[in-house]
Structure formats: C-alpha cells, structure tokens
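Student: Please take me through one part of this model closely. I would like the sheet and the helices that lie on it.

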Amino acid sequence: MALDFASLARQSGRDSSSVRVPKGPDQPDSRVIHTLGSDELRQPARRVGKVDEATRDLARSMLRSMYAARGIGLAAPQIGEALQLLVIDLDPDEAANPPLVLINPTIHASGGELCAYEEGCLSIPGVYLQVVRPSRIDVSFRDAMGRPQRRKADGLLARCILHEMDHLSGVLFVDRVSDRSTLETELADKGFDRDHVRPMT
Ligand SMILES: [Zn+2]
C-alpha cells in the first residue's frame with residue numbers, strides 16, 4: 001500500500017508539482033469546509049470540462065484547506081464547489097511527497113476483499129466509524145495538467161479515493177455505516193443530527 005502510493009505519487013509528481021502548496025496546518029487561504037447537514041454536501045458534482053489554471057487554483061485551494069484541517073483527502077463539494085475534483089495526500093507531514101490530484105475520476109473495477117476500516121471525514125469532524133469497502137480499485141482520471149491517467153490502487157489509498165468519490169455523488173461515509181446504534185451515539189456525542197444521514201443499507 002505504501003509502495004503503491006509512493007510509485008503513484010512519483011508518477012504524478014511532475015504533474016501535481018504545478019499545484020503543490022507548502023504542507024502543514026498553518027495555511028493563509030484555507031476555505032470553510034461544509035459539515036453534515038449542509039446541502040452543499042448532497043449535490044451531485046459536475047464533470048470538469050477543460051482543465052486549466054482555474055482548475056489548478058481550485059486544487060491549490062483544496063490542498064490548503066485540507067492541510068489546515070489536518071486531513072488526508074478532500075473533495076471539491078466539501079468547500080462548496082460542485083465539481084469532480086479530489087485531492088489526496090496520505091503523507092501530509094512529508095514535504096517531499098507530492099499530493100495526488102484526481103479530476104473526473106471513474107472506477108473501472110473494484111475487487112480484492114471487502115474490508116472494514118475506521119473512517120473519518122473533515123465534514124463530520126470527530127466522528128470515526130467502521131465502513132466496509134473493496135480493498136482494490138482500478139481508477140482513471142485526469143491529472144492536474146488535464147492528461148488522462150489510469151492506475152490501480154489498494155489499501156488506504158483505494159479507501160481514500162472511494163471515500164472522496166462518494167462526495168462527488170453527494171454520499172457521506174456515515175450513509176454506509178451498518179452499525180446504526182454506534183453511529184447514532186457517535187453523531188449525538190459530536191453534536192450532529194442523525195436525520196442528516198441517508199442510510200444506503
Ligand atoms: Zn469525507
């Protein structure tokens with residue numbers, strides 16, 4: 001998993017270098033991240049037409065907001081932009097490792113085992129719950145320069161891509177939690193209204 005991410009990051013390093021921002025929580029221009037209950041999180045995101053400097057500006061803004069919030073992934077709808085754009089950085093403390101930018105991502109196949117793993121989300125701060133997802137994916141996307149890419153991913157990277165892609169359909173990880181009683185307790189503890197969950201099972 002770490003190796004996969006390292007090679008994927010290396011391959012995309014030249015492309016994403018055009019959108020890199022300094023890492024760390026001290027960010028001058030971070031955006032507000034919408035939280036559970038906001039309509040912005042439930043809108044389907046539009047595909048990005050032309051990948052241009054405005055797209056890269058948005059990606060930089062998303063990276064700053066993600067680093068400021070100490071996250072490892074962020075989807076554009078979380079900052080109120082209904083576009084199919086994701087940023088991911090599984091190594092936010094490692095300045096040398098470039099982040100990933102995925103534009104218009106499409107899953108071609110998923111497989112491996114179905115794994116349960118604890119997830120959190122910058123839009124539902126403080127809530128961490130087990131979610132079942134496939135362990136391997138095959139994903140295509142455009143990079144920050146607009147070039148088509150296709151990659152296999154597994155482990156945490158696969159999970160992170162699937163979690164962020166859910167945001168593009170207006171789906172949140174709490175919608176996928178099968179343990180309803182733990183979910184309701186966690187949400188209440190952190191001050192969220194369970195009526196904002198849209199259970200998928
Ligand atoms: Zn999320």
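Tutor: Here is the sheet, followed by its helices.

This is a predicted model: local features need pLDDT of at least 70, side-chain atom pairs count only at pLDDT 80 or more, and totals for chains, interfaces and linings use all residues. Residues are numbered from 1 along each chain as its sequence is written.

Start with the sheet. Five strands form an open sheet, in the order β1-β2-β3-β4-β5, with antiparallel pairing. Strands here are DSSP runs of E with at least two residues, helices are runs of H or I with at least four, and both are numbered from the N terminus. Two strands pair if DSSP finds at least two bridges between them. β1 and β5 stand at the edges, each with a single partner strand, so one side of each has no neighbour in the sheet. Neighbouring strands are turned by 30° against each other on average, direction ignored. Axes are lines fitted to C-alpha atoms, for helices over the stretch in contact, and angles run from 0 to 180 degrees between N-to-C directions.

Now β4, residues 129-142. Twelve bridges join β4 to β3, and the two run antiparallel. T106 has S140 in β4 as its bridge partner. I107 is partnered by V139 in β4. β4 also pairs with β5 (residues 148-154), antiparallel, over seven bridges. There, S140 stands opposite R150 in β5. The β4-β5 hairpin has five residues between its strands, and G146 takes a positive phi near 85°.

Next, the helices. α2 covers residues 53-68, which makes 16 residues. From first C-alpha to last, α2 reaches 22 Å, close to the 22 Å expected. That expected span is 1.5 Å times one less than the number of residues. α2 lies across β1, β2 and β3, at about 45° to β2. Buried residues of α2 include L58, M62, M66 and Y67. Buried means 20 or more other C-beta atoms within 10 Å of the residue's own; exposed means 12 or fewer, partly exposed is in between, and C-beta atoms are placed from the backbone. The cover over the buried residues of α2 includes β1 (73-75), β2 (85-88) and β3 (100-119). Contact means that two C-beta atoms, placed from the backbone, lie within 7 Å. Just after α2, R70 takes a positive phi of about 60°.

Last, α3, residues 155-168. α3 lies across β1, β2, β3, β4 and β5, at about 85° to β4.
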